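Hi everyone, thanks for having me. Today I'd like to walk you through a structure, one chain after the other. Please have a look at it with me.

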Amino acid sequence: MTDREEKNNRINVDQDEKEDANLVTASAGDVETIPVAQQTVRTILRRLAELVFLLLFVSTLLFFLLRLTGDPAAILAGETGDQEQLELIRKQYGFDKPLYVQYGVFLMKMLVLDFGTSLANAQDALGLVFERLPTSFTLVLIAFTANLIISIPLGAWLGSRPDRTGRKLGSTGVFILQGIPGYITGLILIQVFSVELRWLPSIGNQGPESWIMPAITLASFQAPQVIRVISANVSEAMREDYIRTARANGAGFNTLLWRHALKNAMLGATALIGAQVSFLIGGSIITEVIFAWPGLGRLLVTSVTTLDFPVVQAAVFVISVFVYLSITATDLAFIFIDPRLRRQRA
Amino acid sequence: MTLQTEIESRVSSGLDNEVILSVQDVVVQFPRPKKKTPFNAVNGVSFELRKGETLGLVGESGSGKSMTALSLLGLVPIPGKIIEGSINLRERRIDNLPINMLRKVRGNDLGMVFQDPMTGLNPVRNIGSQLCESVIRHQKVSKSEATEIAFKALDDVGIPSARDRLEAFPHELSGGLRQRVMIALALINHPEVIIADEATTALDATIQAQILDLFRERLSNATMILITHDMGVAAEICDRIAVMYAGRIVETGTIEEVLSSPRHPYTMGLLSAVPRFDIRRPKLVPIPGQPPTAEDIVQGCAFSSRCKFTQENCAERPLLKKRDNRLVACWFPKGEV
Ligand SMILES: Nc1ncnc2c1ncn2[C@@H]1O[C@H](COP(=O)(O)OP(=O)(O)OP(=O)(O)O)[C@@H](O)[C@H]1O
Ligand code: SF4
Ligand SMILES: [Mg+2]
């Protein structure tokens, strides 16, 4: 039933029983909703279908691109390899077969998550990817958490002060920050804290000290937007009627901001924050390269430059799955945060 | 004689109860940009509200009804503020309270019902938590006691299966139910005075009638200020009525006095086009011309540009004074028409 029908229905009911003051019955006052569980399942299935299509598309594209730009047998044979060796390798790996046959084999194997072995060191490609996963995950998680812990309160605070100089300074600062590309932030940090001050290590994962700069760099991909959206949403929410209602009931500034405005502001920001987790995954590739962080992103970049296509395929596969996990998590967060989305849509 | 003594000297609509709320010469001013003269949205309003009495504030859009109501709670929107006058709740002056004291008055001594129930409740918090928040703020009760109070409050305003509604979110309720929730919220801490600003305007006619019934039944003994565009609503609910024009009260009296024999030309205008057969629900009808805006600096009677009876005297502002045994701000109050 659409909203309009619902409303008409209500009006009709009311007019039929005009004289009855207590006619507001349960059915007239309620709006139908779909159970959360059902929506959750629907969302997951829809995203899963999208993911399958995406994986098929991306890996096909990669397959042909990589095959057309380089000869895998030459890479395997190395610089010393002669013609005979090349032939041997081609036969062994099936590179002598027509491309479409190779593609078919590739797809069949991908179905069972077999991406083959690395051309560089003969290790299982997927295994290599999984090996790097925890390192990348640590970085993304630290950056994401740090970002939310800083951006949400800061954005809320800026947004709650529409006419003070603090807010103006703050938003100017955010604006400038937003203009600086993430890799520049990384390079500046290295220059200041590693080269000049010698406080922090600039490469690799050597414990908590070495997490700071990569995490800041990665967070800077996401933080300015989050701060801006939260602050815009909070400042809008603070002008809403329900804020006036709460104020008329004696609510103080903190209640208004943290208990009334922020939750509404978070609604609009959830989509952005969720979508940006996938930016973070993208940003982590750049960050890992800058800081020589031994993660998935750096593995991907190295494999692309060496045309190690089994590893490239495996890495892209895993990254895509994570991007989709983050998108799906965003959808689900919406269902739980926004009670209005639980409402039936005809 | 001052305005105050004028009002005090008057026996209010047969009610000799104690004065609960006393508003004296309140001016609410909005500064205007570029050094223009500031605009007084409320321009010296005085009235008294006695226990158990319902006062209707009527007048055209922009006449300052809402600003008068908001000034009582210290909720005049920035950059506006009360620059003159005083507001007393019983013996206590409340217009100059520090903000933390004022918050104890809001929702506790004065309860307000706003116009739009669709936007007046927080969409992402359930009804129960919004009610409990106010209960816990003003009463020393536990969470579970507050929930019980919230349930009773909903039940009390005629919300069916009230216990389940505590869990409901605003969008799950119809407009009529939401307005009942808003009323429950305003009443939940048993405020001494209830202020309802166009509480039924946003609702369709039949729901409006139900909410009015609720006011009549549940709030017949409440001390209340009811703001409305609708003379019919005022006639049904109010004991007394104050007609506002351009930030001032231009006429006040018992509902019978004002409706059956309006003295101010503006009040007459408001009532004149009411069809006889529908006398129970007369509506405000447009009077030719526009009320003065912030741009117009009116020296004399603010209604003079639209008044049929303007004379030379009207260049000087008429105060709200007892004239012809009625309180009216006009040099030439009309007799029975
Ligand atoms: N934030 C503001 N800034 C400047 N002027 C304002 C502001 N809010 C209200 N006003 C002015 O104050 C005057 C009184 O407004 P108010 O809302 O009290 O009118 P009202 O009688 O309640 O009208 P309505 O019937 O439309 O609700 C209006 O002329 C309006 O232009
Ligand atoms: S004072 Fe004069 S202009 Fe004003 S309402 Fe009375 S008659 Fe009309
Ligand atoms: Mg108003």
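I'll talk about how each chain is built and how much of it is covered or open.

One thing to keep in mind: what you see is a predicted model.

Let's begin with chain A. How many helices and strands are there in chain A? There are 14 helices and zero strands, so to speak a plain run of α after α when you read along the sequence. Chain A has 346 residues, and 45% of them count as buried. Its exposed area is about 18,300 Å², with 64% of that supplied by carbon and sulfur atoms. Now take contacts in chain A between residues at least 6 apart in sequence: 73% of these join residues at least 24 apart.

On to chain B. Here you can find 11 helices along with 12 strands. Why does a radius of gyration of 20 Å fit a compact globule? Because a compact globule with 337 residues would have a value near 20 Å, the 20 Å of chain B agrees with that. If you follow the C-alpha trace along its principal axes, chain B spans about 65 × 50 × 45 Å.

What about the surface of chain B? Of its 337 residues, 56% count as buried. The accessible surface comes to about 14,400 Å², and 52% of that belongs to carbon and sulfur atoms. Chain B also carries 41 positive and 40 negative side chains, and the centres of these two sets are 4 Å apart. As for contacts in chain B between residues at least 6 apart in sequence, 65% join residues at least 24 apart.

That's my tour, thank you for listening!

Terms used. Residues are numbered from 1 along each chain as its sequence is written. Chains are lettered from A and ligands numbered from 1 in the order in which they are written. This is a predicted model: local features need pLDDT of at least 70, side-chain atom pairs count only at pLDDT 80 or more; totals for chains, interfaces and linings use all residues. Side-chain values use heavy atoms; hydrogens and water are left out. Helices (H or I, at least four residues) and strands (E, at least two) are DSSP runs, numbered from the N terminus. The radius of gyration is taken over C-alpha atoms; the globule rule is 2.2 Å times the number of residues to the power 0.38. Buried means under 20% relative accessible area, exposed over 50%, partly exposed in between (1.4 Å probe, protein chains only). Contact means heavy atoms within 4.5 Å. Accessible areas come from the Shrake-Rupley method with a 1.4 Å probe; for residues, only the protein chains shown count as cover. Lys and Arg count as positive and Asp and Glu as negative; His and the chain ends are not counted. The place of a charge is taken as NZ of Lys, CZ of Arg, CG of Asp or CD of Glu.
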